[in-house]
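Welcome, and please have your viewer ready. We will go from one selection to the next, and at each stop you will read what is there.

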Amino acid sequence: MLYILEDEFDGDIDEFIVGTGDDLGWLSYFIGRSEELEVLEVHYLPEEREQVDAFMGGVTCNQSIKKLTIRADIGNQGYNKLGCFLQNK
């Protein structure tokens, strides 16, 4: 399980706190390659579209996620990529 958050919730190791200057492309690269990640909850993404698009690109490559919760604005391109993700399931 992995939570993508703006602020720390309870300090567990399953939280990724998005900070200024974080490269979400690299985070999504590792999410996309993970064979263990079954639950991903996205509660926050920065407003920079390039970061969101890069993040969604990696998420759509993942084959192990069984539950995906998105409570952040992923934009039109993010929703298009999400469609590809759902088709692969």
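A word before the first stop: two residues are said to meet, or to be in contact, when heavy atoms of theirs lie within 4.5 Å. Keep in mind too that this is a predicted model.

**Stop 1: helices α2 and α3**

Select residues 49-59, which form helix α2, and residues 75-87, which form helix α3. Two packed helices are described by the angle between their axes and the distance between the axes. Here the axes come within 9 Å and cross at roughly 0 degrees. That crossing makes α2 roughly parallel to α3, since angles under 35 degrees count as roughly parallel.

Now show the side chains where the two helices touch. On the α2 side, pick R49, D53, M56, G57 and V59; their partners in α3 are G75, Q77, G78, K81, L82 and F85. Sorted by class, this contact of α2 with α3 has 4 nonpolar, 4 polar and 3 charged residues.

**Stop 2: around α3**

Stay with α3 and try a distance between its end C-alpha atoms: they are 19 Å apart. At 1.5 Å a residue, the 13 residues of the helix should span 18 Å, so the two values agree.

Which residues of α3 are buried? Colour G75, G78, L82 and F85 to see them. They cover an arc of only 50 degrees around the axis, which puts them on the same side of α3. These buried residues pack against α2 and against strand β4, residues 67-70. Next, turn the helix to the face pointing away from its buried side, where you will find the exposed residues N76, N80 and Q87.

**Stop 3: helix α1**

Select residues 24-33, which are helix α1. L24, L27, S28, I31 and G32 are its buried residues. They cover an arc of only 135 degrees around the axis, which places them on the same side of α1. Rotate to the other side and you meet W26, F30 and R33, which are exposed.

What do the buried residues of α1 pack against? Add strands β1 (2-5), β2 (15-17) and β3 (39-42) to your selection, together with helix α2, and you have the partners.

**Stop 4: α1 beside α2**

Keep α1 and α2 on screen. Their axes come within 7 Å and cross at roughly 10 degrees, and α1 and α2 are therefore roughly parallel to each other. From α1, the contact uses L24, G25, L27, S28, I31 and G32; from α2, Q51, A54, F55, G58 and V59. By class, the residues of this contact divide into 6 nonpolar, 5 polar and no charged.

Before leaving α2, colour its buried residues: Q51, V52, D53, F55, M56, G58 and V59. They pack against β1, α1, β3, β4 and α3.

**Stop 5: L40 in strand β3**

Select L40, which sits in strand β3. Is L40 buried or exposed? Its relative accessibility is 0%, so L40 counts as buried. Leaving aside residues up to four places away in sequence, L40 touches L2, I4, I31, F55, V59, I65, K67, L68 and T69. Then draw a line from L40 to D23: these residues are 17 apart along the chain, and their C-alpha atoms are separated by 18 Å.

**Stop 6: three residues in loops**

Go to the loop between α1 and β3 and pick S34. At 22% relative accessibility, S34 counts as partly exposed. Not counting residues up to four places away in sequence, S34 touches N62 and S64. From S34 to L45 the sequence separation is 11 residues, and the C-alpha to C-alpha distance is 20 Å.

Move on to the loop between β1 and β2, where D7 lies. D7 has 54% relative accessibility and therefore counts as exposed. A line from D7 to Q77 joins residues 70 apart in sequence and 25 Å apart in space, C-alpha to C-alpha.

D10 also has its place in the loop between β1 and β2. With a relative accessibility of 44%, D10 counts as partly exposed. For a last line, connect D10 to E50: they are 40 residues apart along the chain, with 29 Å between their C-alpha atoms.

Notes. Residues numbered from 1 in each chain as written. Predicted model: local features only at pLDDT ≥ 70, side-chain atom pairs only at ≥ 80, totals over all residues. Heavy atoms only, no water. Axes fitted to C-alpha atoms, helices over the stretch in contact; angles between N-to-C directions. Helix = DSSP H or I, 4+ residues; strand = E, 2+ residues; numbered from the N terminus. Parallel < 35°, antiparallel > 145°, perpendicular 65-115°, else oblique. Nonpolar A, V, L, I, M, F, W, Y, C, P; charged D, E, K, R; others polar. Expected span 1.5 Å × (residues − 1). Buried < 20%, exposed > 50% of the residue type's maximum accessible area, 1.4 Å probe, protein only. Arc of directions from axis to C-beta.
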